[in-house]
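I opened this model to look at its two kinds of interface and a few odd backbone spots. My notes follow in the order I looked things up.

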Amino acid sequence: MAAASVIARRGKADACAAAITAHYGVTLPTGPRRAASGDVVFAGVGPWRWIATAEGADAAEFVAQLRERLVFVAAVTDQSDARLVVRLRGPRVRDVLAKGVPVDLHPRAFKAGDVATTLVAHIGVQIDMLDDGPTYLIAAPRSMAGSFWSWLTASAAEFGYDVSRS
Amino acid sequence: MRINCPYCGPRGNEEFAYLGDATVRRPDPAAEDAAAQFYEYVYLRDNPAGSHRELWYHGGGCRSWLVVTRNIRTHEISDVAFADAGDKP
C-alpha cells in the first residue's frame with residue numbers, strides 16, 4: 001500500500017484542501033476521519049495533517065505525483081515502507097482489540113470512516129474503521145511490526161484467526 | 001486522569017507528556033535586564049494551590065501541543081485548547 005504523510009504549509013491549508021479536491025475529488029477531513037475516492041484515501045491524523053494511501057498503486061509513482069500536485073501547499077513524505085498494515089475483520093474483532101486499544105470502539109463512539117491515532121501495547125498506531133462488518137485497518141511502524149504482531153496474535157488466540165496476504 | 005484532546009477526544013494520560021507552566025513567555029534577549037528576566041523565566045515558578053495552565057504534548061495521538069487548565073488540588077480539568085489556538089496554517 002502506497003502511503004505518504006501530508007502536512008499543510010503555513011498559510012496554505014485552504015490551498016492544500018482545494019488542490020486535493022481538484023485532483024482526487026475528495027473533501028479533506030478536518031478531524032480524525034477518512035475520506036476516500038476510489039483507492040485513494042486521506043485520513044486525518046492531526047490538525048492539518050493527513051496520511052494519504054493508495055491501495056495497489058506504485059508507491060514511488062503515487063508519492064511523486066502527490067508531491068508534484070501539492071508543491072508549495074503541503075509537505076509530502078513517503079511512508080510506504082514505514083508501516084505494517086493489517087486489515088482485521090470478524091465477529092470478535094472488537095473483543096480482540098479491546099485487549100489493547102485504549103479508544104472506545106463501541107459502534108456508538110467509533111463509526112465507519114472514523115480514524116484514531118493512539119498507543120497499543122506502547123506502539124503508536126493508526127486505526128481506521130472501514131465498515132460495520134466490522135472491519136478495521138491498523139497501521140503500526142515497521143520497526144515495531146514484530147512486537148505488534150506478537151500482541152495481536154496473542155490477543156486473538158482465544159478466538160482463533162486466519163492470516164492471509166493481500 | 002483523562003485529557004479531552006480537542007482533535008482526538010478524551011484520552012488517557014499515558015498518551016501525553018507534561019512540559020510545565022504554559023504562562024511563562026521567553027523574554028526579549030535584547031532587553032537591558034535580560035539576565036534577570038531569563039533567570040526568572042528559566043528557574044522561578046509559581047506553585048498555585050488551585051487552577052494551573054500547563055503544557056501537555058499528545059505524543060501518543062495527534063502530536064499536538066495543548067494548554068490544559070487543571071486544578072492542582074483536585075486534578076479537575078476545566079479546559080483543554082491547542083497551544084497554537086488550532087491555528088489554520
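**Entry 1: a proline in a loop**

I started at A:P134, which sits in the loop between β8 (123-131) and β9 (135-141) of chain A. I read the peptide bond before this proline. A:G133 and A:P134 are joined in cis, with omega about 0 degrees. I note here that the model is predicted.

**Entry 2: the two domains of chain A**

Next I looked up the domain assignment. Chain A is assigned domain 1 (2-78) and domain 2 (83-156). I took the distance between the centres of domain 1 and domain 2 of chain A over C-alpha atoms and got 22 Å.

How many residues of each domain are in contact? I found 10 residues of domain 1 of chain A against 13 residues of domain 2 of chain A. I then looked at area. Together these two domains bury about 800 Å², with 46% of it on carbon and sulfur atoms. Which residues of domain 1 of chain A lose the most area to domain 2? They are A:R33, A:R34 and A:V45, and together they account for 57% of what the domain 1 side buries.

I turned to charges and polar pairs. Three salt bridges are counted between domain 1 and domain 2 of chain A. I also looked at the pair A:R87 and A:E55. Their side chains meet in a salt bridge, at 3.3 Å from N to O. Polar contacts between the two domains of chain A come to six residue pairs, both residues at pLDDT 80 or more.

Which elements of domain 1 give two or more residues to the side that touches domain 2? I listed β3 (40-46) and β4 (49-54) of chain A. β3(A) gives the most to that side, with three residues. By class, the domain 1 side that touches domain 2 of chain A holds five nonpolar, two polar and three charged residues.

**Entry 3: chain A against chain B**

I moved on to the contact between the chains. 22 residues of chain A are in contact with 15 residues of chain B. The two chains bury about 1300 Å² between them, and 57% of that lies on carbon and sulfur atoms. I asked which three residues of chain A supply more of its buried area against chain B than any other three. They are A:P47, A:W48 and A:T117, with 35% of the area that chain A buries there.

I then counted salt bridges between chain A and chain B and got zero. Polar contacts do turn up: six residue pairs between the chains, both residues at pLDDT 80 or more. On the side of chain A that touches chain B, α1 (13-24), β3 and β7 (115-120) of chain A each supply at least two residues. The largest share of that side, four residues, comes from β7(A). I sorted the chain A side that touches chain B by class: 10 nonpolar, seven polar and five charged residues.

**Entry 4: back to A:W48**

A:W48 was on my interface list, so I checked its backbone and exposure. A:W48 lies in the loop between β3 and β4 of chain A. Its phi is positive, about 60 degrees, although A:W48 is not a glycine. Is A:W48 buried or partly exposed? I have A:W48 as partly exposed, because its relative accessible area is 22% and the buried class stops under 20%.

**Entry 5: B:R63**

I looked for a positive phi in chain B too. B:R63 has one, near 60 degrees, and is a residue other than glycine. B:R63 falls in the loop between β4 and β5 (65-71) of chain B. Its relative accessible area is 43%, so B:R63 is partly exposed.

**Entry 6: B:H52**

B:H52 is in strand β4 (residues 51-57) of chain B. I checked its exposure: at a relative accessible area of 10%, B:H52 is buried. What does its side chain touch by polar contact? The partner is the side chain of B:E54, at 2.9 Å. I then left aside neighbours within four places in sequence. B:H52 is in contact with B:Y18, B:D21, B:V68, B:T69, B:R70 and B:I72.

**Entry 7: B:L44**

My last stop was B:L44, in the loop between α1 (34-43) and β4 of chain B. B:L44 counts as partly exposed, at 41% relative accessibility. I also took its distance to B:Y7. The two are 37 residues apart in sequence and 32 Å apart in space, C-alpha to C-alpha.

Definitions and conventions:
Residues are numbered from 1 along each chain as its sequence is written. Chains are lettered from A and ligands numbered from 1 in the order in which they are written. This is a predicted model: local features need pLDDT of at least 70, side-chain atom pairs count only at pLDDT 80 or more; totals for chains, interfaces and linings use all residues. Side-chain values use heavy atoms; hydrogens and water are left out. Domain bounds come from an automatic or database domain assignment. Contact means heavy atoms within 4.5 Å. Buried area is the accessible area (1.4 Å probe) that two parts lose on being put together, summed over both. A salt bridge is a side-chain nitrogen of Lys or Arg within 4 Å of a carboxyl oxygen of Asp or Glu. A polar contact is a pair of N or O atoms within 3.5 Å; within protein, one must be able to donate a hydrogen and the other to accept it, and residues adjacent in sequence count only if both atoms are side-chain atoms. Ala, Val, Leu, Ile, Met, Phe, Trp, Tyr, Cys and Pro count as nonpolar, Asp, Glu, Lys and Arg as charged, and the others, Gly among them, as polar. Buried means under 20% relative accessible area, exposed over 50%, partly exposed in between (1.4 Å probe, protein chains only).
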